[in-house]
Amino acid sequence: MMVLTLTIAAAIAGPAASGRVFAQPPAAVSLIITNGIVVTVDGNRRVLNPGAVAINGTEIVAVDTPAAVAARYKAAQTIDAAGKVVMPGLINTHTHAAMVMYRGLGNDLNLMDWLQKYIFPAEAKTVTPDFVRIGTQLALLEMIQSGTTTFADMYYFEEEVAKATKAAGMRGVLGQTVIEFPVADAKTPADALTRTEAFAKQFDHDELITPSIAPHSVYTLDAKTLSAVSALAKRLMIPIQIHLSETSAEIGMSQERHKMRPVAILDSLNFWAPTTLAAHGVWINDDEIALLKRRDVGVSNNPESNMKLSSGTAPVVKYRKAGVNVGIGTDGAASNNDLDMFEAMRQAAFQQKLVTMDPTAISAAEAIEMATLGGAAAIGRRQRLGSLEPGKLADVIIVSMSRPRQQPLFDPIAQIVYTSRGDDVETTIVNGKILMRDRQVLTLDASRVLSEARKAAELVRKAVQQ
Ligand SMILES: [Zn+2]
């Protein structure tokens, strides 16, 4: 229709040489964010200062100068972002949202001690559908307040995670856990597979929720179950999320159990689905990097969790050189101990600079790219998420740049990565909907979420005292 109108207008106008310009009436859109410092993460990594983003419904329709956007669009609602950064929402590629309920429990331990002495026993006594809902809502509050717009999750009762996530307006790739010992929502791995199928059907083609299956790891599953997981993921066409080569202990356990390293056992089973997201990928050699690239496996780098548990450092620079899609994750808050993706982004850059002894290893711009477009690619959503471009889904955040620690402002990219925090996010938009405006979360009742979480924490306290 637009093209037709233009053609008629051009015909009436006669030859272009006449110099007359027929302006189109501005098109109606739902939201314009204008006058901000727009960090696009597009193909040219454009930063428009000032810039504007026009959103209609769930999609971004234009990213341009404020004048160009104002000339073409008229919005029902306008946000003036003068002096603030407007950027793609952050994609947390690995977490266990409800584990915020175990935040601060069992610190200063390695992964296996922490899991086996604290987390698995506490989970055995406390995880219920309601507990997962409460924990997820607390996590959603924290994530929306710190600029995360999509998270990849692995937990139990994942339908509760999905319901809470959808109600809060957040986007999630949500993985139903499969693990070999009896857990709260499944007595056996076969039960977990049945649950996964029901969960996938329940949220099939949902615009915010992508159901997924989450086999815990090669050290907590046998080959038969890993194969069954893969077959189900392929049949249902859902993404797989798995902890992969997180610690050196895992490599030993895999050698003992499967007579192969973790990547090799999975490859021998033809495990990889069209979208497979490997969390951690720390103890990975050069051949395995090449293989993960060939199999199009996305990797979630979790620097804070890997440092806190002394798991090691993922070879992020090598992954990126090989063309592997790398995103950033916080891991569960119990091993981080928060869900702040700004901090994760900063630590991802710092950790690589330290381990390679090269300050250019990961630049600030590359850290932002990993936390946005890289994450989108790692979860198989590069076409729709991760940058501010026309045609992409409208997942956008507005970040204050006016705090004392952010002044003076010479380089917005450096300021985002090296000085900003989740608390600096003022507005969070997912799928075109404003979830937080000027620090007010609009889709969750914060005081109710906090009081329910405090009550549920008493169950955890009792569980670990016994
Ligand atoms: Zn994890």
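In this predicted model, nine residues need listing up front: Pro88, Gly89, Ile91, Thr149, Leu385, Gly386, Ser387, Leu393 and Asp395 line the second largest cavity. That cavity comes out at about 50 Å³, and its lining splits into four nonpolar, four polar and one charged residues.

Pro88 also leads into the strand picture. It pairs up with Val396, its bridge partner in β14. Strand β5, spanning residues 85-88, runs antiparallel to β14, and four bridges hook the two together. On the other pairing, β14 and β15 (residues 425-430) are again antiparallel, with four bridges joining them; here Ile398 has Thr427 of β15 as its bridge partner. As for β14 itself (residues 396-399), neither face is left open: Val396 and Ile398 are buried on one side, and Ile397 and Val399 are buried on the other.

Back to the voids. Searching the whole structure turns up two cavities of 30 Å³ or more. The largest has a volume of about 210 Å³. It is lined by 20 residues, and those closest to its centre are His96, Met99, Leu115, His216 and His243. Two elements, α3 (111-126) and β7 (148-155), each supply two or more residues to this lining, with α3 giving the most, at six residues. Sorted by class, the lining of the largest cavity comes to 11 nonpolar, six polar and three charged residues.

Definitions and conventions. Residues are numbered from 1 along each chain as its sequence is written. This is a predicted model: local features need pLDDT of at least 70, side-chain atom pairs count only at pLDDT 80 or more; totals for chains, interfaces and linings use all residues. Side-chain values use heavy atoms; hydrogens and water are left out. Buried means under 20% relative accessible area, exposed over 50%, partly exposed in between (1.4 Å probe, protein chains only). Two strands pair if DSSP finds at least two bridges between them. On a 1 Å grid over the protein atoms alone, a cavity is a set of points where a 1.4 Å probe fits but cannot get out, and a pocket is an open set with protein on both sides within 12 Å along at least five of seven lines; lining residues have an atom within 4 Å of a point. Grid points are joined across faces, edges and corners, and a volume is the space filled by probe spheres set on the points. Ala, Val, Leu, Ile, Met, Phe, Trp, Tyr, Cys and Pro count as nonpolar, Asp, Glu, Lys and Arg as charged, and the others, Gly among them, as polar.
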